[in-house]
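This report describes one protein chain for a reader working at the bench. Please consult the sequence and the structure shown below while reading.

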Amino acid sequence: MPIDQHLLLAFLLTTTIAMITPGPDMLFILGCGMRSGPRAGLLATAGVATSEAVHVAVAAAGLAALFAAVPIAFTAVRIAGAAYLIYLGVQMIRHRNDAIGDAPAGAAMSGRKAYLTGLTTNLLNPKMVTFTIAFLPQFVVPEHGRVWLQFAVLGAILIVLEFLVDGTVGLLSGRIGGWLRSRRTARRRIDTATGGIFIGLGVRLAFLR
């Protein structure tokens with residue numbers, strides 16, 4: 001395993017909690033599933049996951065080359081990324097009481113349209129690009145070598161978790177939609193926990209690594 005075991009555990013914990021926190025991707029997939037059935041929900045998940053694979057590949061290629069050419073750039077990217085994670089954590093806690101609203105309404109869509117919509121909206125989302133660049137390098141150790149392989153492993157785990165979590169939402173969209181709308185207390189607790197983990201991870205990786 002090319003990745004530090006402690007960092008891998010931190011990555012799994014943080015990513016899993018972040019995945020189960022209702023966000024735009026989950027609500028989009030939820031809406032597709034509720035309007036057009038489980039197949040559309042699953043294909044919407046596939047579209048989102050495909051865009052994430054593109055983001056990871058671009059980040060891996062660009063950052064791996066940058067780290068090899070300018071070693072100190074890794075420290076700069078790591079500190080900037082840690083600061084961004086802390087910012088995200090603070091924002092999650094600040095907005096933990098915001099209502100998530102209902103799944104977006106609209107006419108039923110085909111599986112192909114669900115896939116392409118999930119792909120394009122997430123692919124062109126600058127926040128996802130920023131998050132990928134800020135998040136993944138926190139768990140990469142250049143001294144272990146094969147930086148591109150470390151990115152590939154982390155990206156593969158990210159995509160698998162995307163299918164496990166949001167794919168389940170797409171398949172069970174009706175029941176999960178009701179749960180998301182009615183269990184706001186649970187959602188606030190998840191947001192608070194996720195925000196705290198992001199802040200703690202950012203602080204640890206910025207100062208203790």
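The text that follows treats the overall fold, the aromatic pairs and a nonpolar surface patch.

**Overall fold**

The model is predicted, and local features are reported where pLDDT is at least 70. The secondary structure of the chain consists of nine helices and zero strands. Along the sequence, the elements accordingly read α-α-α-α-α-α-α-α-α. The chain has 209 residues, and 45% of them count as buried. Its accessible surface amounts to about 10300 Å², and carbon and sulfur atoms contribute 68% of that area. When contacts between residues at least 6 apart in sequence are considered, 88% of them join residues at least 24 apart.

**Aromatic pairs**

The structure holds three aromatic pairs. Two of these pairs are set out in the table, with the distance between ring centres and the angle between ring planes.

| Pair | Centre to centre | Angle between planes | Geometry |
|---|---|---|---|
| F11 and F135 | 5.7 Å | 35° | tilted |
| F135 and F139 | 5.1 Å | 70° | edge-to-face |

What does the pair of F11 and F135 tie together? F11 belongs to helix α1 (residues 5-20) and F135 to helix α6 (residues 126-135), so the pair ties together parts that are 124 residues apart in sequence. The angle of 35° places this pair in the tilted class, because planes under 30 degrees apart would count as stacked and those over 60 as edge-to-face. The planes of F135 and F139 stand at 70°, so that pair is edge-to-face.

Are the residues of these pairs buried or exposed? F11 has a relative accessibility of 0% and therefore counts as buried. F135, at 2% relative accessibility, counts as buried, because the cut-off for this class is under 20%. F139 is likewise buried. Ring pairs link F11, F135 and F139 into a cluster.

**Nonpolar surface patch**

Which residues make the nonpolar surface patch? The patch is formed by L42, F163, L171 and L172, and covers about 350 Å². One of these residues, L171, lies in helix α7, which spans residues 147-171. L171 has a relative accessibility of 44% and so counts as partly exposed, since this value falls between the limits of 20% for buried and 50% for exposed residues.

**Summary**

The predicted model is thus described by nine helices, a cluster of F11, F135 and F139 linked by ring pairs, and a nonpolar surface patch that includes L171.

Definitions and conventions:
Residues numbered from 1 in each chain as written. Predicted model: local features only at pLDDT ≥ 70, side-chain atom pairs only at ≥ 80, totals over all residues. Heavy atoms only, no water. Helix = DSSP H or I, 4+ residues; strand = E, 2+ residues; numbered from the N terminus. Buried < 20%, exposed > 50% of the residue type's maximum accessible area, 1.4 Å probe, protein only. Contact = heavy atoms within 4.5 Å. Areas by Shrake-Rupley, 256 points an atom, 1.4 Å probe, with all protein chains shown as cover. Phe/Tyr/Trp six-rings, centres within 6.5 Å; stacked < 30°, edge-to-face > 60°. Patch = residues over 30% accessible without salt bridge, like charges linked within 9 Å, V, L, I, M, F, W, Y side chains within 5 Å. Salt bridge = Lys/Arg side-chain N within 4 Å of Asp/Glu carboxyl O.
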